[in-house]
Every structure is written in structure tokens, then in C-alpha cells.
Amino acid sequence: MAVEPIDMRAGMETVLGKVVAVFGSAQAHHAYIFTNRRANRLKVLVTDGFGVWLAVRRLHEGHFARVQDAAGTRLELTQSQVDALLVGLPWQRLGKPSQVTVW
């Protein structure tokens, strides 16, 4: 996931260029996720080994949770985190141990 927002008017070649600039190269069987400044849209570039496809998701209400304090220009997500991100769940909390206490 790219930390910096991208202009949602960007087409496939522009987004692919951004992937190469941010991630070094576009690896087969990987998805690269970008948000806009308002975080109400996502662009996902996927390379499947045969070609490249670009998908866009727009929320009618609310926004996608973005990374607040990330070092660098990218963040690697697990499959569970990507699934949670795409449906609007708090993906940053996945994988962290939770503690329940009773007083």
C-alpha cells in the first residue's frame, strides 16, 4: 500500500509508473493499493503474470483508514488486512494481540 495519495484521474500507465517509482518494480501476483487525498477512493493495480489490471473502489459514505505514522513511502499488508481494508474494517488492528479484562 502506498502511503502517499495519488490523483484518481491517473490511468493505468501513470499508476504503473508510480508502482515502479515507489515499489521498485511491479511483481507478478501482487496488488498495489493507492488512495486519494480524501481517502474515499482506492485504486488497486494488480499484476497477474499475464498482464495488468486496474480497479477503482469509491465509498458513498466515510473513508478508508489510512496509515498515520509510516516510515517510507509504502506499507506491506497481509491478505487479511487487504480484505478488511476493502470492506472498511479497522485493518491496522488485525494481527495485533487483543486483551480483554473484567473489572
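**Helix 1, length.** I started with helix 1, residues 12-23, in what is a predicted model. I wanted to know whether its length or its residue count would tell the same story, so I took 1.5 Å for each residue: the twelve residues should span 16 Å, and the end C-alpha atoms are indeed 16 Å apart, which agrees.

**Helix 1, buried side.** Which residues of helix 1 are buried? I found Val 15, Val 19, Val 22 and Phe 23. They cover an arc of only 80° around the axis, which puts them on the same side of helix 1. A reminder I jotted in the margin: an α-helix has 3.6 residues a turn, so residues three or four places apart point the same way.

**Helix 1, the other face.** Next I turned the helix around. The face directed away from the buried side carries Glu 13 and Ala 21, and both are exposed.

**What covers helix 1.** I then looked for what lies over the buried residues of helix 1. The cover includes strand 1 (30-35), strand 2 (41-47) and strand 3 (52-58). Helix 1 lies across these three strands, and I noted that it runs at about 100° to strand 1.

**The end of helix 1.** Just after helix 1 comes Gly 24, and its phi is positive, about 95°.

**An aromatic pair.** How many aromatic pairs does the structure hold? It holds one. The partners are Phe 23 and Tyr 32, with 4.9 Å from centre to centre and 55° between the planes, so I wrote the pair down as tilted, because that label takes in planes from 30 to 60 degrees apart. Are these two residues buried or exposed? Phe 23 and Tyr 32 are both buried. Phe 23 thus turns up twice in my notes, since it is also on the list of buried residues in helix 1.

**The sheet.** On to the strands. Three of them form an open sheet in the order 1-2-3, with antiparallel pairing. Strand 1 and strand 3 stand at the edges with a single partner strand each, so one side of each is left without a neighbour in the sheet. Neighbouring strands here are turned by 20° against each other on average, ignoring direction. For my own memory: strands of a sheet pair through backbone hydrogen bonds, either parallel or antiparallel.

**Strand 2 with strand 3.** I looked up how these two antiparallel strands are joined and found seven bridges. Val 44 stands opposite Ala 55 in strand 3, and Leu 45 stands opposite Leu 54 in strand 3. The hairpin of strand 2 and strand 3 has four residues between the strands, and there Gly 49 takes a positive phi near 95°.

**Before helix 1.** I went back to the start of the chain for Ala 2, which sits in the segment before helix 1. Is Ala 2 buried or exposed? Its relative accessible area is 5%, and the cut-off for buried is under 20%, so Ala 2 counts as buried. I also checked Ala 2 against Glu 76: they are 74 residues apart along the chain, while 8.8 Å separates their C-alpha atoms.

**The whole chain.** Last, I stepped back. The chain has two helices and three strands, and along the sequence they follow the pattern α-β-β-β-α. Of its 103 residues, 30% count as buried. Among contacts between residues at least 6 apart in sequence, 46% join residues at least 24 apart.

Key:
Residues are numbered from 1 along each chain as its sequence is written. This is a predicted model: local features need pLDDT of at least 70, side-chain atom pairs count only at pLDDT 80 or more; totals for chains, interfaces and linings use all residues. Side-chain values use heavy atoms; hydrogens and water are left out. The expected span of a helix is 1.5 Å times one less than its number of residues. Buried means under 20% relative accessible area, exposed over 50%, partly exposed in between (1.4 Å probe, protein chains only). The arc is that of the directions from the helix axis to the C-beta atoms. Contact means heavy atoms within 4.5 Å. Rings of Phe, Tyr and Trp (its six-membered ring) pair if their centres lie within 6.5 Å; planes under 30 degrees apart count as stacked, over 60 as edge-to-face and the rest as tilted. Two strands pair if DSSP finds at least two bridges between them. Axes are lines fitted to C-alpha atoms, for helices over the stretch in contact, and angles run from 0 to 180 degrees between N-to-C directions.
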